[in-house]
Amino acid sequence: MHIRTLGQGLKVSAIGLGAMGMSQSYGPNPGSRGEMIDVLRSAVDEGVTFFDTAEVYGPYVNEELVGEALEPIRDQVVIATKFGWDIQDGRMMGLNSRPEQIRRVAEASLKRLRTEAIDLFYQHRVDPGVPIEDVAGTVGELIAEGKVKHFGLSEASADTIRRAHAAHPVTAVQSEYSLWTRDPEAEVLPTLAELGIGFVPFSPLGKGFLTGTVDASTAFTEGDIRNRVPRFAAENLAANQKLVDHVKGLASAKGSTPGQVALAWLLAQQPWIVPIPGTRRTERIRENAGATQLALSADERADLDSLAQRIGVSGDRYNAEHMTYVNR
Ligand SMILES: NC(=O)c1ccc[n+]([C@@H]2O[C@H](COP(=O)([O-])OP(=O)(O)OC[C@H]3O[C@@H](n4cnc5c(N)ncnc54)[C@H](OP(=O)(O)O)[C@@H]3O)[C@@H](O)[C@H]2O)c1
């Protein structure tokens, strides 16, 4: 697998692995906890060295799983996690990026991840109650103490990214970006290009939709977040089918899979973009890693660039409440 460089010289595999789905969001796991540990370890055999988790996934149990899985191969991998939610009795009670909270989360995450340093520590959502300079300053102190190596932001606006970077160099911004979610292109990506910050698209497979394995007849199990995402309401899925059908057509013409086309398109946008598809299956880790071998011609890229605009995308990517948390 190729290696890519995010900001501040952080080197990671061109495709990472999102671990969230092993603890929440997409229904029951296809295997036991022990099997999920094996799947995480198998990613390294496929060339993946960049793993994504967060305090709030589970909460806590996803970091514990990632920590246990990667402990024997800790020196071969880069682990990213996130702070910024106020979690009480296992429930998210709003945002909290106050300095003392960031420190508390760092200490707890270090233990759960069984490591001496967190490679990349993202603020999960911008907290309007805490100046971003204070957040950057606190993470900067943790970096000076050797507990954290790099600072990141998630779903931050271009203005916030600029202010944060002026207070402490930002290594990566992680926000939703895919063939059907193009928001970062307007302001965030040009800002990152200017400042030399890397970009980590989350939900790069459109929460599974862009792989062609989900359609309007799919019944999501209880607890699957797609039951609450407007884009996955049956009538919106039916309208969005045209988009994925087009991706499927291109994939079969190229002897690849729709998911590989979706990831290859992201990889082609910039050399400092590193998608983190989430899966709980080794064969899909292998398939997703295969996107690094898929070259898109200029015509194919131009076709995919204009796809969402040509066809249109029905439904928001989050429910109305959560939409207030992004781009702040
Ligand atoms: N910063 C944030 O706020 C934020 C928000 C959301 C996610 N994330 C991070 O981003 C990571 C990825 O995002 P995501 O998991 O939401 O969405 P995603 O990667 O776009 O899609 C995940 C879904 O696609 C399926 N899938 C994966 N590879 C596949 C393949 N080759 N063929 C068919 N289906 C495939 C998975 O199912 P199986 O698991 O059953 O294979 C799962 O249902 C997460 O794990 C998390 O670490 C961050």
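## Polar contacts with the ligand

In this predicted model, a backbone N or O atom of G18 is placed 3.4 Å from an oxygen atom of the ligand. Two side chains also supply polar atoms. D52 has a polar side-chain atom 2.6 Å from an oxygen atom of the ligand, while a polar side-chain atom of Y57 is found 3.4 Å from a nitrogen atom of the ligand. On its own, the ligand has 910 Å² of accessible area, and the protein covers 96% of this area.

## The shell around the ligand

The ligand is surrounded by 31 residues, of which Y26, D52, L205, G278 and T279 are the closest. D52 thus belongs to the closest residues and also provides the polar side-chain atom at 2.6 Å described above.

By residue type, the shell comprises 12 polar, 10 nonpolar and 9 charged residues. Helix α9, which spans residues 282–289, contributes 3 residues, the largest share of the shell.

## The second largest pocket

The second largest pocket encloses about 200 Å³ of space. Its lining consists of E155, A156, S175, E176, D183, P184, A186, E187, V188, R317, V326 and N327.

Which residue types make up the lining of this pocket? The residues divide into 5 nonpolar, 5 charged and 2 polar. The lining includes the charged residues E155 and R317, the nonpolar residues P184 and V188, and the polar residues S175 and N327.

Notes: Residues numbered from 1 in each chain as written. Predicted model: local features only at pLDDT ≥ 70, side-chain atom pairs only at ≥ 80, totals over all residues. Heavy atoms only, no water. Near = heavy atom within 4 Å. Polar contact = N/O pair within 3.5 Å; in protein donor to acceptor, adjacent residues only side chain to side chain. Areas by Shrake-Rupley, 256 points an atom, 1.4 Å probe, with all protein chains shown as cover. Helix = DSSP H or I, 4+ residues; strand = E, 2+ residues; numbered from the N terminus. 1 Å grid on protein atoms, 1.4 Å probe; cavity = no way out; pocket = protein on both sides within 12 Å on 5 of 7 lines; lining within 4 Å. Points joined across faces, edges and corners; volume = space filled by probe spheres on them.
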